[in-house]
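Trainee: Could you take one part of this model and look at it closely, side chain by side chain? I would like the cut-offs stated as you go.

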Amino acid sequence: MRSGSRSILIRNGLVVTSSDECLADVHIVGEKIQAIGSNLNPAVDQVLDASGCYVIPGGIDAHTHMELPFMGTASSDTFESGTIAGLHGGTTTIIDFAIQTQGDSLHHALSRWHEKAAGNAACDYAFHLAVTDFRDNFRTEIQDLVEKQGVTSFKTFMAYKGALMVDDRQILDLMREAKKYGALVTSHAENGDLVAQTVQQFLDEGMKAPEYHPKSRPPICEAEATGRILDLAYSGNHPLYIVHMTCEDALNRVRLATLRNQKVFVETCVQYLLLDESRYLEEDFGGAKYVMSPPLRTLRDQEALWKGIDQGLIQVVATDHCPFCMDQKRMGTDDFSKIPNGAPGIENRVELLYSEGVEKGRISLQQWVDLIATQPSKIFGLFPRKGTISVGSDADLVIFDPRVEHTISAQTHHMNCDYNLYEGWQVRGKCRTTLMRGRVAVDQGQFLLEKGYGKYLSRTGKRSGGIHVANH
Ligand code: URP
Ligand code: ZN
Ligand code: ZN
């Protein structure tokens with residue numbers, strides 16, 4: 001059947017979801033998946049041959065920072081450049097953090113982020129809201145944000161003292177309010193006081209190079225804060241999502257929490273699975289590229305994270321995409337604590353996790369899809385519109401060719417950053433074609449959408465166990 005909307009047939013791919021795989025055709029009409037089956041033969045406007053390829057749901061990066069004002073500068077990808085890079089790398093939805101300026105309202109933060117994204121984002125986007133000083137009048141703000149503005153997740157920073165950090169009382173107040181409306185609290189878990197003290201010690205002793213960044217934020221900073229936020233959440237029976245976990249000590253706090261049957265979601269990021277702290281020793285201030293918080297850890301921590309994924313303790317692999325170019329990093333030439341924290345990654349997440357995860361036998365195809373798309377959609381209220389391949393879901397799809405080998409380089413990436421953390425990395429498997437709500441967004445490296453195709457995803461619905469089911 002041919003409708004008035006544009007239609008596409010993806011033929012002969014291995015359709016992979018978080019639970020299944022089967023050789024099938026996918027029929028798309030307009031923005032949605034119309035049918036999945038064998039030997040479909042509708043009249044369509046375009047046929048895409050996916051023989052030998054996987055057809056997977058578009059990736060959801062649940063942790064990005066586009067054009068974030070931070071540490072005296074702003075992250076270098078705009079919503080336009082960052083989401084185009086994401087589409088090249090198979091990501092079709094981002095959840096970015098709108099961050100409250102201390103003393104200002106939550107709604108103002110949200111409207112500033114809407115202004116940056118609307119008409120510019122190439123892929124779809126939602127927002128978490130980071131609360132940086134909880135005040136009593138936020139109670140009505142939070143209700144409105146959840147029920148009317150489609151923001152159903154909040155963020156607390158336990159680090160960045162004097163800028164973003166909140167204390168335990170503020171975290172508890174936020175958790176209690178968020179729970180009333182079924183919203184989820186997420187947290188950057190590092191003990192900001194301990195970090196501030198250790199940073200000062202290093203600086204006082206003249207240790208100012210990038211290699212002192214990880215030393216000033218050892219695993220105990222993360223493990224203590226992880227244990228504390230778990231206890232705070234447990235005290236009120238609040239669900240919790242911990243962002244960018246990096247190390248075994250923190251993961252063991254989660255393990256302990258599961259012994260008392262606590263509900264906690266854990267995210268790690270690709271860089272913590274693949275890169276280690278020796279990177280901080282790169283010459284010519286090269287270590288600054290890896291200055292992010294929490295920092296890169298040891299090979300043992302990487303192994304613990306991979307095992308944590310396999311055990312189901314870690315559900316999401318995101319990027320914490322927050323790029324700064326080298327001239328921005330040089331703000332900290334004489335003082336590592338002034339190096340803007342953050343690094344690029346959105347374009348490489350899906351392919352690297354396939355290459356290092358699936359190809360190397362650490363995770364299955366289904367786990368890969370779950371980590372990059374299905375779990376983030378379920379946890380953050382986008383399922384089943386996003387994150388899976390089913391009739392009626394948005395046609396956000398990636399035709400992924402596992403046979404293609406390529407090499408990552410800043411010379412060829414699309415992120416607005418003059419280096420890539422994985423420069424020279426040999427990758428097996430490539431996102432050949434990315435479809436965004438029924439449109440071919442990227443094909444063989446060509447970006448094909450008009451400016452600002454991405455839409456805001458207002459999240460609604462109800463949390464039930466591990467899934468926040470979206471209303472349609
Ligand atoms: O270093 C990082 N991670 N920068 C971005 C802000 C954050 O902490 O998530
Ligand atoms: Zn963080
Ligand atoms: Zn972040």
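Mentor: Start with Cys123, which has a relative accessible area of 1% and is therefore buried (under 20%; exposed is over 50% and partly exposed in between, with a 1.4 Å probe and protein chains only). The model is predicted, so local features need pLDDT of at least 70 and side-chain atom pairs pLDDT 80 or more, while totals for chains, interfaces and linings use all residues. Residues are numbered from 1 along each chain as its sequence is written, chains are lettered from A and ligands numbered from 1 in the order written, and side-chain values use heavy atoms, without hydrogens or water.

Cys123 has no bonded partner because the closest cysteine sulfur, in Cys431, is 13 Å from its own, too far for a bond. Cys247 is also buried, at 0%, and its sulfur lies 9.7 Å from the closest cysteine sulfur, that of Cys221, again too far. The structure as a whole holds zero disulfides (cysteine sulfur pairs within 2.5 Å).

Tyr125 belongs to strand 10, residues 124-130 (strands are DSSP runs of E, at least two residues, and helices runs of H or I, at least four, numbered from the N terminus). Before its ring contact, the wider count: there are 17 aromatic pairs in the whole structure (Phe, Tyr and six-membered Trp rings with centres within 6.5 Å; planes under 30 degrees apart are stacked, over 60 edge-to-face, the rest tilted).

One of them joins Phe70 and Tyr160, with 5.1 Å between centres and planes at 90 degrees, so this pair is edge-to-face. Phe70 sits in strand 7 (69-70) and Tyr160 in the loop between strand 11 (153-157) and helix 4 (168-180), 90 residues apart. Phe70 and Tyr160 are both buried.

Tyr125 pairs with Tyr456 in a tilted arrangement, 6.0 Å centre to centre with 45 degrees between the planes. Tyr456 is in the loop between strand 19 (446-447) and strand 20 (462-464), so the pair ties together parts 331 residues apart in sequence. The two rings differ in exposure: Tyr125 is buried at 3%, whereas Tyr456 is partly exposed at 22%.

Elsewhere, ring pairs link Tyr54, Tyr354, Trp368 and Phe400 into a cluster. Two rings also carry a charge over them: the charged end of Lys116 is 3.7 Å from the ring centre of Trp113, and Arg260 lies over the face of Tyr234 at 4.0 Å from the ring centre (Lys NZ or Arg CZ within 6 Å of the centre and within 35 degrees of the ring normal).
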